[in-house]
Amino acid sequence: MFKPTEDFAKQLDQNDELSRYKDEFYLNEGQIYMDGNSLGLLSKRAEKSLLDVLDAWKIHGIDGWTKGEHPWFYLSEHLGERVAQLVGAKAKEVVVTGSTTTNLHQLVSTFYQPEGNRTKILADELNFPSDIYALKSQLKLHGLDPNEHLIRVKSRDGRTLNEEDLIEAMTDEVALVILPTVLYRSGQLLNIERITNAAHERGIKIGWDACHSIGAIPHDFHDLGVDFAYWCHYKYVNSGPGGVAGLFVHEKHFGTEPGLAGWFGSDKTKQFDMEHDFTPSESAGAFQIGTPHLLSVAPLIGSLELFEEAGINAIRQKSLRATEYLMYLVNEFLSDFNFTVGNPTDDARRGGHVCLEHAEAASICKALKANGVVPDFRAPNVIRLAPVAFYVSYQDVYKTVKIIKDIMENEIYKQYKNERDVIA
Ligand SMILES: Cc1ncc(COP(=O)(O)O)c(C=O)c1O
Ligand SMILES: Nc1c(O)cccc1C(=O)C[C@H](N)C(=O)O
């Protein structure tokens, strides 16, 4: 169904309804940006909303909390209502707050309630390190030894998780399951419905790290009865470096007292009564802690417009097609060069990026950057390539694979050390 020609790539672009969004983003002339799974690009709308919030500060000073186009006092909740559409939640189940890791701390502080034999937290050995650090420290705060109480389900192939293994590990000693929706290295998308149901059938609460799926893949957290979820907005949602994160708490848990209380979790009508008895909001808003980082929230106001216009389902369809096309071209052009596609190839199990494995991955990534393509490297052998629906065209995908071919054929990668730089 695909053809290995640049003309065919052009044809795909002509038929791509989302191609018009590329102009909305700041891209360096001649550069192909395949790293939106780590840090999404700045859009003109996000830039405008950031400048609007700065203006509100300039014009209103303290009154910016309640005046202006986006009164700051309500902004985290208002944006939560908008983000809710990306994760399949009710308006009050989402709030924009914190960072991925601090939200995980908040949610585990709240929903991890070891009792009797049920003291263990179930995670996996492939999750992002920050989540594991957070879980270990939460166990320690409960006086429990992480070596005993944190179960990290092993991967059979070093890339992916087997759902049977995850379910089998859900014993009656497990109090809480924490898993990523999409694995950050291999891009495997877990079966959220199956795993959530399995946890609930065994009386276990479950929380999902949606960093690598939000903005790329639609979710239905409310209907699936997911207990909680948390994510960042700086990857596929393009809210900027350090952009404020988000969390989902199912309405069935409204009224549960936050493990880490702070005054921005108050019922908004009570917050400025300044009482020492905390009255938490009857919404996900209860899980906020302190004053929102407004300038790091602001880009999200504009960025979300693009998702509202394009629709998350259309974004997922394009992303699936672009990753499929990328895998097709890898097969067509790179079969002589010892690459392995490390992500699941099935549409239902594939996230937003392609995971190309190669023994020389770090040097290939450096050569790619020097030749106009921004990938990212994850040790020891992964090149991640994310053809983000909004700003990567099919021609970009085609050119990327041709550039890799050139790097391999002419051994350009040998000019670079096969070790990571500071970040990738
Ligand atoms: C899956 C996952 N969880 C957690 C984090 C850490 O997030 P933060 O630094 O925003 O707390 C990241 C990325 O940095 C991630 O990819
Ligand atoms: N959060 C990051 C940062 O502060 C600096 C550099 C990269 C990141 C990332 O998000 C990395 C990303 N979570 C990953 O999947 O590798």
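**A seven-strand sheet and a ligand shell**

In this predicted model, seven strands form an open sheet with mixed pairing, in the order S2-S8-S7-S6-S5-S3-S4. Strand S2 (94-96) and strand S4 (150-153) are the edge strands, each pairing on one side only. From one strand to the next, the twist averages 20 degrees.

Strands of a sheet pair through backbone hydrogen bonds, either parallel or antiparallel. At one edge of the sheet, S2 and strand S8 (residues 246-249) pair in the antiparallel sense, over three bridges. Within this pairing, Val 94 has Phe 248 in S8 as its bridge partner.

A helix also packs on the sheet: helix H5 (residues 129-141) touches strand S3 (120-124), S4, strand S5 (174-180) and strand S6 (205-209). The direction of H5 makes about 170 degrees with that of S3.

H5 has a part in the surroundings of ligand 1 as well. Helix H4 (100-111) and H5 are the elements that give two or more residues to the shell around this ligand. There are 13 residues around ligand 1, and those that come nearest are Ser 99, Thr 100, Thr 101, Phe 128 and Cys 211. By type, the shell divides into six nonpolar, five polar and two charged residues.

The chain as a whole has 13 helices and 13 strands. Its C-alpha trace spans about 70 × 55 × 40 Å along the principal axes. The radius of gyration is 22 Å, which agrees with the value near 22 Å for a compact globule of 424 residues. Buried residues make up 47% of the chain. Of the contacts with a separation of 6 or more, 72% are between residues 24 or more positions apart.

Technical notes. Residues are numbered from 1 along each chain as its sequence is written. Chains are lettered from A and ligands numbered from 1 in the order in which they are written. This is a predicted model: local features need pLDDT of at least 70, side-chain atom pairs count only at pLDDT 80 or more; totals for chains, interfaces and linings use all residues. Two strands pair if DSSP finds at least two bridges between them. Helices (H or I, at least four residues) and strands (E, at least two) are DSSP runs, numbered from the N terminus. Axes are lines fitted to C-alpha atoms, for helices over the stretch in contact, and angles run from 0 to 180 degrees between N-to-C directions. Two residues are in contact if their C-beta atoms, placed from the backbone, lie within 7 Å. A residue is near a molecule or strand if its C-beta atom, placed from the backbone, lies within 6 Å of it. Ala, Val, Leu, Ile, Met, Phe, Trp, Tyr, Cys and Pro count as nonpolar, Asp, Glu, Lys and Arg as charged, and the others, Gly among them, as polar. The radius of gyration is taken over C-alpha atoms; the globule rule is 2.2 Å times the number of residues to the power 0.38. A residue is buried if 20 or more other C-beta atoms lie within 10 Å of its own, exposed if 12 or fewer, and partly exposed in between; C-beta atoms are placed from the backbone.
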